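Welcome! Take a moment to look over the sequence and the 3D view, and then we will walk through some features together.

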Amino acid sequence: MVKTLKIFLFILLPFLSNAQQIKVDAYFMQDSAKLGERVGYVLKATYPESAQIIFPDSTFDFSPLVLLEKKTFISNTQDSITQDSTIYYVSNFSLDPSSYLTLPVYELARYDSVVHYPLEAELKLKLTLDSIPEQLVFQQNNIYQPLEKSFNWIIIGIILGGILLLLGLLYFFFADKVQEYWNERREKRRWSQFEKRWKTQTALLTQNPSIESADEVIGLWKGYMESITKLPIKEWTSSEIGERLNNLKIFKALRTIDLIIYAGESSKSEEATNYLLEVAREKYQEKQTKIKHERAVV
């Protein structure tokens, strides 16, 4: 029996000596932390170079703390003694006044492993409030606090798209009518301006039948007739205008005013200018009738 015990102690003695040579130490890098604050937990191990040591990884249960990050360092060996260290960054979400943590270091043997624990490290909870009241007291405040409203670009895009679609439909169904309406308004405005200038220029011609006044009257009438008929009336002579418009009275009226320009005769021109105004009015009315007819057809 004694012999068997000696053999067993002889086999176990190397493991016991190695266990006595392994030193594990651990501590928090600060003694207290706020709720959820990042805190470093340092785990150190000093052991013979021949030993194989493993530190815990992220699969280990760090309760009541939560592991955020693990930071390892290169081993340092001097005189056959190796030093290893690891920093575990954790956060505390427990409301207990103190939280405790101790992480093991595993020594690998041939058929098993030996676990070495350091002393528990304490982390105190740092409260931002001196004390929490049993009943919460809310301060009354009826002042309106404006909230910043961000633009909802989706709704704005839908609204703009709807407006563009509506404008497109209106243009598709009513573009011709709108165009005819503006043409009618434009011709009315052009006639009003022409009639006003015509009365002024013909009055000057009657009072002072000069070549300049006669030339202004002829140019004004030809310009308006060309704009409303789309014919090159300014390029035609008086006889060509009477012939192309199939109206000899126009030729006679223009001839009466031409005598002032070319012959210097100061004959009466009021009858001629009145007739030319009537011709212009007829063309204007024909144009308005045509526009209204086209609008009715559309």
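Is Asn-246 buried or exposed? Asn-246 is exposed, because its relative accessible area is 70% and the cut-off for exposed is over 50%. Please keep in mind that this is a predicted model. With that said, here is a tour by topic.

**Unusual backbone spots**

- Asn-246 deserves a second look, since it has a positive phi of about 55° although it is not a glycine.
- You can find Asn-246 in the loop between α4 (238-244) and α5 (248-263).
- Ser-80 is another residue that is not a glycine and yet has a positive phi, in this case about 65°.
- The loop between β6 (76-78) and β7 (81-92) is the place of Ser-80.
- Ser-80 counts as partly exposed, because its relative accessible area is 45% and partly exposed covers the range between 20% and 50%.
- Ser-63 and Pro-64 are joined by a cis peptide bond, with omega at about 5°.
- Pro-64 sits in the loop between β4 (53-54) and β5.

**Leu-65 and its surroundings**

- Move on to strand β5, where Leu-65 lies.
- Leu-65 is buried, because its relative accessible area is 5% and buried means under 20%.
- Which residues does Leu-65 touch, not counting residues up to four places away in sequence? They are Phe-28, Val-90, Ser-91, Asn-92, Ser-99 and Leu-101.
- One of these contacts, Asn-92, is 27 residues apart from Leu-65 in sequence, while their C-alpha atoms are 4.9 Å apart in space.

**Strands and how they pair**

- In a regular strand, side chains alternate between the two faces of the sheet.
- Strand β1 (residues 23-28) has a covered face made of Val-24, Ala-26 and Phe-28, and an uncovered face made of Lys-23, Asp-25 and Tyr-27.
- Strands β1 and β3 pair in the antiparallel sense over 6 bridges.
- Within this pairing, Ala-26 has Leu-43 in β3 as its bridge partner.
- Elsewhere there is an open sheet of 3 strands in the order β4-β9-β10, with antiparallel pairing.
- The edge strands of that sheet are β4 and β10 (113-116), each of which pairs on one side only.
- Strand β9 (residues 105-108) is joined to β10 by 4 bridges in the antiparallel sense.
- Look for Glu-107 and you will see Val-114 of β10 standing opposite.

**Salt bridges**

- How many salt bridges does a search of the whole structure find? The search finds 6.
- Arg-38 and Glu-69 form a salt bridge, and their closest N and O atoms are 2.4 Å apart.
- This pair links distant parts of the chain, with Arg-38 in strand β3 (residues 38-48) and Glu-69 in strand β5 (residues 65-72), 31 residues apart.
- Arg-38 is partly exposed, with a relative accessible area of 43%, and Glu-69 also counts as partly exposed, at 34%.
- Glu-195 and Arg-281 form a salt bridge too, with 3.2 Å between the closest N and O atoms.
- Here again distant parts of the chain are linked: Glu-195 is in helix α2 and Arg-281 is in helix α6 (residues 270-297), 86 residues apart.
- Why does Glu-195 count as buried? Its relative accessibility is 19%, and buried means under 20%.
- Lys-283 and Glu-286 meet through their side chains in a salt bridge, at 4.0 Å from N to O.
- Both Lys-283 and Glu-286 lie in helix α6, 3 residues apart, which is about one turn of the helix.
- Lys-283 counts as partly exposed at 24% relative accessibility, and Glu-286 is partly exposed with a relative accessible area of 47%.
- Glu-187, Arg-190 and Lys-287 are joined into one network by salt bridges that share partners.

**A nonpolar patch on the surface**

- Ile-155, Ile-159, Leu-160, Ile-163, Leu-164, Leu-166, Leu-167 and Leu-170 form a nonpolar patch on the surface.
- Together, these patch residues have about 770 Å² of accessible area.
- Ile-163, one of the patch residues, is found in helix α2 (residues 153-207).
- Ile-163 counts as partly exposed, with 44% relative accessibility, and a patch takes residues with over 30%.

Note on methods. Residues are numbered from 1 along each chain as its sequence is written. This is a predicted model: local features need pLDDT of at least 70, side-chain atom pairs count only at pLDDT 80 or more; totals for chains, interfaces and linings use all residues. Side-chain values use heavy atoms; hydrogens and water are left out. Patches are made of residues with over 30% relative accessible area and no salt bridge: like charges are joined within 9 Å, nonpolar side chains (Val, Leu, Ile, Met, Phe, Trp, Tyr) within 5 Å. Accessible areas come from the Shrake-Rupley method with a 1.4 Å probe; for residues, only the protein chains shown count as cover. Helices (H or I, at least four residues) and strands (E, at least two) are DSSP runs, numbered from the N terminus. Buried means under 20% relative accessible area, exposed over 50%, partly exposed in between (1.4 Å probe, protein chains only). Contact means heavy atoms within 4.5 Å. Two strands pair if DSSP finds at least two bridges between them.
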